[in-house]
Amino acid sequence: MSKIIDYAINHSRLTIAVLLFVLIYSVSAVTALPTFPLNLAAGFFWGGFWGGVYSALSAALGGWGSFVL
């Protein structure tokens, strides 16, 4: 039973980390700050595939935010 609880705790932390990354990346893109270090960090933390997915999603949201503003 403790494995299930540990998984739930770790999974919620992962979700919060991804949402925080997307928010920081999107705000950086809107404010025209360099986002290349964030691309590297995403690849380091979540691997090449998922880091690329999170970076692409964040860049799209940042571009959309810039367009709206």
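# A guided tour of a two-helix model

The radius of gyration of the protein is 14 Å, whereas a compact globule of 69 residues would have a value near 11 Å. The model in the viewer is a predicted one.

**The whole chain**

Begin with the entire chain in cartoon view. The protein contains two helices and zero strands. With the principal axes as the frame, the C-alpha atoms occupy a box of roughly 50 × 25 × 15 Å. Switch to a surface display: about 5100 Å² is exposed, and 78% of that area comes from carbon and sulfur atoms. Of the 69 residues, 23% count as buried. Among contacts with a separation of 6 or more, 63% are between residues 24 or more positions apart.

**Phe 21**

Select Phe 21, which is placed in helix α1. Is Phe 21 buried or exposed? Its relative accessibility is 9%, so Phe 21 counts as buried. Next, display its surroundings. With residues up to four places away in sequence set aside, Phe 21 touches Leu 38, Ala 42, Trp 46, Tyr 54, Ser 55 and Ser 58. A distance label may be added between the C-alpha atoms of Phe 21 and Ala 41: these residues are 20 apart in sequence and 9.6 Å apart in space.

**The aromatic cluster**

Keep Phe 21 on display and add Tyr 25, Phe 44, Phe 45, Trp 46, Phe 49, Trp 50 and Tyr 54; ring pairs link these residues and Phe 21 into a cluster. The structure as a whole holds seven aromatic pairs. For one of them, centre the view on Trp 46 and Tyr 54: the ring planes stand at 90 degrees, with the centres 5.2 Å apart, and the pair is therefore edge-to-face. Both partners can then be checked for exposure. Trp 46 has a relative accessibility of 19% and counts as buried, because the limit for that class is under 20%. Tyr 54, at 17%, is likewise counted as buried.

**Ser 26**

Move along helix α1, which spans residues 2-30, to Ser 26. The relative accessible area of Ser 26 is 11%, so this serine is buried. Which residues does Ser 26 contact, leaving aside its neighbours within four places in sequence? They are Ser 58, Leu 61 and Gly 62. Ser 58 should already be in view, as it is also touched by Phe 21.

**The nonpolar surface patch**

Return to the surface display and select Leu 20, Leu 23, Ile 24 and Val 27. These four side chains make up a nonpolar patch, and their accessible area together is about 360 Å². Within this group, Val 27 may be picked out as a member that lies in helix α1. What class of exposure does Val 27 have? Its relative accessibility of 46% makes Val 27 partly exposed, because that class runs between 20% and 50%.

**The loop at Ala 32**

Proceed to Ala 32, located in the loop between α1 and α2, the latter helix covering residues 36-68. Ala 32 counts as exposed, at 66% relative accessibility. Inspect the backbone here: phi of Ala 32 is near 65 degrees, a positive value in a residue other than glycine. For context, most residues other than glycine have a negative phi.

**Ala 59, opposite Ser 28**

The final selection is Ala 59, found in helix α2. At 34% relative accessibility, Ala 59 counts as partly exposed. How far apart are the C-alpha atoms of Ala 59 and Ser 28? They are separated by 9.3 Å, although the two residues are 31 apart along the chain.

Conventions: Residues numbered from 1 in each chain as written. Predicted model: local features only at pLDDT ≥ 70, side-chain atom pairs only at ≥ 80, totals over all residues. Heavy atoms only, no water. Helix = DSSP H or I, 4+ residues; strand = E, 2+ residues; numbered from the N terminus. Buried < 20%, exposed > 50% of the residue type's maximum accessible area, 1.4 Å probe, protein only. Contact = heavy atoms within 4.5 Å. Rg over C-alpha atoms; globule rule 2.2 N^0.38 Å. Areas by Shrake-Rupley, 256 points an atom, 1.4 Å probe, with all protein chains shown as cover. Phe/Tyr/Trp six-rings, centres within 6.5 Å; stacked < 30°, edge-to-face > 60°. Patch = residues over 30% accessible without salt bridge, like charges linked within 9 Å, V, L, I, M, F, W, Y side chains within 5 Å.
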